[in-house]
Amino acid sequence: MMSSNYVHPRNLLVANLQRLYDYGMTTTSGGNISIKDGEGNIWITPSGIDKGTLRPDDIMMVKPSGEIIGRHRPSVELPFHSAVYNLRPDAGAVLHAHSPALVAFSLVGKCPDANLIPGCAEICGKIAFSRYDIPGSKTLGEIISAEFAKGADCVMMENHGAVVCGATVEQAFARFETLDYLARIQIQAAGMKPFLSVNGAEGSKTSWGTLPESRPTPQECELRDSIVKFAARLYRQRLVFTGSLLLSARLGDEDLLITPPGFDPLALRIEDIVRVADGKCEAGKTPACQTALCREIYRKNSWANAVIMTRSPNVMAFACTGTPLDSRTIPESYIQLRDIPMIGSREFEQNPLCAAERITPSTPVVIVENYGVITAGKHLTEAFDRLEVADFTANCIRLAARIGDFKPITEQQVQDIIKAFQLPE
């Protein structure tokens, strides 16, 4: 990934606030981010400026002496940014925003459950809840900073939203985005079965040898480029959050390309993608933790040339409650998804390769409780389409539940679809 060490704080703040705004995690006038540099200066977004058109020269700088440099006023929330930096020497960035899902939690006095999905607790760190006070007030700064001083990394603010800190602005953004995703999943699952507990880690660890250097073929170059483009597309479609995505494409027998662990979908480069062949991977790179599972899927399914595993929010409402996702909604959904098996989280934790047994021509989509959804396809476009359709279908079912009883298409209609479209049985 591109290092931010040589990017000016102004540019980092503009890029991250623009991303928050573009993905609906703040409004035109809401939200603020700051960075503390090595000289003790606080670079912070301005107050009252359109977040959709923010430019680097709009960013304000506050020196350790208190002198303010810039053509606007610093964010009204500067007091709590400063207070956090004073009490948390490890903090290099502070981010505050009002995503609808997190505001909803703040209105009912709750924190999202970071233990719902493996790996999210490690990203978010400690989550705390703070009581309300007037925005921009010294008292609010004291209330929030007190929670950070106790070790919190994310603080839910009563009737306000959330604020997070991180060693870097990238870490702060990842924490906020993950917290928002957790909140969205829990809201989407409201009224379904009780949430399932999860005990496992992200995935099994596999030792890989070192693959000798070789000149990439045109096929490999093309697949790397496709993986990069689909990663960004999945993120733009809000089907993934940072660190929650695996993309893989088959190059040949025992030869595949796969994304690294914990990557930012918008910052992925073709050189970040890892080639794994004959039990070895490229020198200096680490493949995703479920690489062995992808390899097993390819071994068992000659038709599969692409695998995606992720945590799209609507599907995760079903995965985190163990509720079967019925694809028999509209013909187009059933054609792409077929009937969707669900694997228990404990079974998956004990043997992740069990998921490869469930992937077949007639079951190309599998849900794993708490862990996510796996889609396989003849190519990346098909695997992507299946993921998109799965999340669309899950959303439609949840919307239908608000207005009436869901009536799936009948078994005879299913058989007619299978026959008309010559689907594998």
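Here is a short walk through a few spots in this structure, which is a predicted model.

**Start in the core.** Select L20, L95, F176 and L234: within the largest nonpolar core, which has 79 residues, these four touch the most other members. Now colour helix α6, residues 169-188, as this helix gives the most to that core, with nine residues. Then zoom in on L95. Leaving aside residues up to four places away in sequence, L95 touches L20, N32, I33, A162, V163, V164, A172, F173 and F176. Another core, of 27 residues, lies apart from the largest one; I258, V274, L293 and V307 are among its members.

**Next, the aromatic rings.** There are four aromatic pairs in the structure. Pick Y23 and Y235 for an edge-to-face one, 4.8 Å centre to centre with 75 degrees between the planes. Y23 sits in the loop between α1 (9-22) and β1 (32-36), while Y235 is in helix α7, 212 residues apart. Y23 counts as buried because its relative accessibility, 18%, is under 20%. Y235 is buried too, at 0%.

Stay on helix α7 and show F230 with F384: this pair is tilted, 5.2 Å centre to centre and 45 degrees between the planes. F384 belongs to helix α13 (residues 380-400), so the pair ties together parts 154 residues apart in sequence. Both rings belong to buried residues: F230 has a relative accessible area of 10%, and F384 has 2%.

**Last stop, a pocket.** Select S214, P216, E220, R224 and E282, which lie nearest the centre of the second largest pocket, out of 15 lining residues. The space in there is about 240 Å³. What classes make up the lining? Eight residues are charged, six nonpolar and one polar. Helix α7 (residues 218-236) turns up again, giving the most to this lining with three residues.

Note on methods:
Residues numbered from 1 in each chain as written. Predicted model: local features only at pLDDT ≥ 70, side-chain atom pairs only at ≥ 80, totals over all residues. Heavy atoms only, no water. 1 Å grid on protein atoms, 1.4 Å probe; cavity = no way out; pocket = protein on both sides within 12 Å on 5 of 7 lines; lining within 4 Å. Points joined across faces, edges and corners; volume = space filled by probe spheres on them. Helix = DSSP H or I, 4+ residues; strand = E, 2+ residues; numbered from the N terminus. Nonpolar A, V, L, I, M, F, W, Y, C, P; charged D, E, K, R; others polar. Core = buried A, V, L, I, M, F, W, Y, C linked by side-chain atoms within 4.5 Å. Buried < 20%, exposed > 50% of the residue type's maximum accessible area, 1.4 Å probe, protein only. Contact = heavy atoms within 4.5 Å. Phe/Tyr/Trp six-rings, centres within 6.5 Å; stacked < 30°, edge-to-face > 60°.
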